[in-house]
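Got the viewer open? Here is a short walk through the model, one selection at a time.

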Amino acid sequence: MSEEQPKREPPEEQSRIQEFSLVVGGVASALLTDLTSQLLNQSLGQRGIVQWVGYSVAALLVVISYLRLRARRRRARIRRQQGASELHAAAEEAEQWMIALGSDADGMAAAEWFTVNEDWLRDLVATENPQSAAVDDFARLCDALEAWYVRRPNPDALLQLSELLSAAAEASGRRGLAELAAARAATAYRMLGDLDAASTRLGVSDNIATHGRTAAALKTRRQVERALLHLARAERAPAGNDRDEAVLNARDRLDDARLTRPGPDLAADVAISINLAVVHLYQHDDQGALDQLRPALARATAAGDVSGQAHALELMGVAAWMQRNRHEAGSRWEHAAHLYAEIDEREGHARCLQHLGSAAVIAEDLDTALELLERSATLRTSESELLTKYLDAARRTSDLPVVDEDPPRRTAVTWLKRLRTFFTR
């Protein structure tokens, strides 16, 4: 059995202990000097001179202790300022790159920046204990990391991020941040597949909701998140009443989100329209989906939102496939795959390659299918059972998979960087 390690005090407590020990040391020195002077007086029979020397030494020690204490406080203040300065600089830079994510302006460069700096940013938010003055920079840094963790799916890191923001909100008394942290946890749990926990966290976010424009924006976020939860339930349910009910609930939540969003927002309109198109596709209404996707594509193009354009084109391909127009479907997916590759959005790129590969399997062009599906598997961050089945068919090791619809239509858009309007504090 190893020896018990001594308990380590937190840095602030250590500093207080050191300051106290300096003061105590100065007083003790004075007492010791006075005692020494008394003993010298008694032994040498000299009154006054030694005692004054003792007092002088004690005063000198107190002055030295005060100067040391003052220097230590100055160094601590400089360290705090440097830490706050680093946090502010990191938040500024990360926010700018977050805005560029998925856009036609430096979309690829933004993805590369987050790839290189993710560990540094994660360490910064994990070790930082933001004071009231720095909590906004801390929250901005969390915003940027959320966009990245949703884009490159990392729900575990996103859940940890929500917990850190929740702790900062509690320490600073910022209810709006606590509300956001709970909504962010809901997104993480949905990505993890724990739909009940996600629903619970949305309820927590509801209960601590504040008022004003930021609260209205977060209410819209919760409506969209609930729609995505219903779509996730529809994905799990077999064809029938349960799936139909989940899809209708998703549609209601998206309609509410469109009506309650705070002011005009192109990015929010694109996201809501694309998810409404997913609802129509679940309902086998390809024309209704296209009615949502055409304006969504136009708005995304006007906003320079390449990610939104790619999502719209991908779903247009699914609608074309449902209309038995395989040539147009393939053209849409190729275009979407190209746009996803331009901004290094690997999950979307992988989906489009899977669509194209599965279509090639159905057309019995197995060599082309195998190449496309293997590229898709390389880009995937998680396993896909359907992709595995099509790969086996392309390799001639199994029969063509039997699914309700080919290729799969599950491409619901999450709230990604479109959330940036929700973070005004």
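Start by selecting aspartate 269 and arginine 261: their side chains meet in a salt bridge, 2.9 Å from N to O. Keep in mind as you look around that this is a predicted model. Which of the two partners is buried? Aspartate 269 is, with a relative accessible area of 11%. Arginine 261, at 24%, counts as partly exposed.

That pair has company, as the structure holds 23 salt bridges. Next, pick glutamate 345 and arginine 151, whose closest N and O atoms are 3.2 Å apart in another salt bridge. Glutamate 345 sits in the loop between helix H13 (326-342) and helix H14 (346-362), while arginine 151 belongs to helix H4 (residues 135-151), so this bridge ties together parts that are 194 residues apart in sequence. Colour by accessibility if you like: both glutamate 345 and arginine 151 are buried.

Now jump to helix H16 (residues 385-394), where you'll find glutamate 385 and lysine 389 four residues apart, about one turn of the helix. They form a salt bridge too, with 3.5 Å between the closest N and O atoms. Glutamate 385 is exposed at 60% relative accessible area, and lysine 389 is partly exposed at 38%. For a bigger group, select Glu92, Glu95, Asp137 and Arg140, which are joined into one network by salt bridges that share partners.

Time for a stop in helix H7 (residues 195-207), home of serine 205. Is serine 205 buried or exposed? It counts as buried, at 0% relative accessibility. Show what surrounds serine 205: leaving aside residues up to four places away in sequence, it touches Glu179, Ala182, Ala183 and Arg222.

Last, the rings. There are four aromatic pairs to look for. In one of them, tryptophan 97 and tryptophan 113 have ring centres 6.2 Å apart and planes at 20°, so the pair is stacked. Tryptophan 97 comes from helix H2 (residues 49-100) and tryptophan 113 from helix H3 (residues 107-127), 16 residues apart. Tryptophan 97 is partly exposed at 22%, whereas tryptophan 113 is buried at 11%.

Then select tryptophan 321 and tryptophan 333: with centres 5.9 Å apart and planes at 35°, this pair is tilted. It links helix H12 (residues 306-322), which holds tryptophan 321, to helix H13, which holds tryptophan 333. Tryptophan 321 is buried at 12%, and so is tryptophan 333 at 1%.

To finish, light up Trp97, Trp113, Phe114 and Trp148, a cluster linked by ring pairs.

Conventions
Residues are numbered from 1 along each chain as its sequence is written. This is a predicted model: local features need pLDDT of at least 70, side-chain atom pairs count only at pLDDT 80 or more; totals for chains, interfaces and linings use all residues. Side-chain values use heavy atoms; hydrogens and water are left out. A salt bridge is a side-chain nitrogen of Lys or Arg within 4 Å of a carboxyl oxygen of Asp or Glu. Helices (H or I, at least four residues) and strands (E, at least two) are DSSP runs, numbered from the N terminus. Buried means under 20% relative accessible area, exposed over 50%, partly exposed in between (1.4 Å probe, protein chains only). Contact means heavy atoms within 4.5 Å. Rings of Phe, Tyr and Trp (its six-membered ring) pair if their centres lie within 6.5 Å; planes under 30 degrees apart count as stacked, over 60 as edge-to-face and the rest as tilted.
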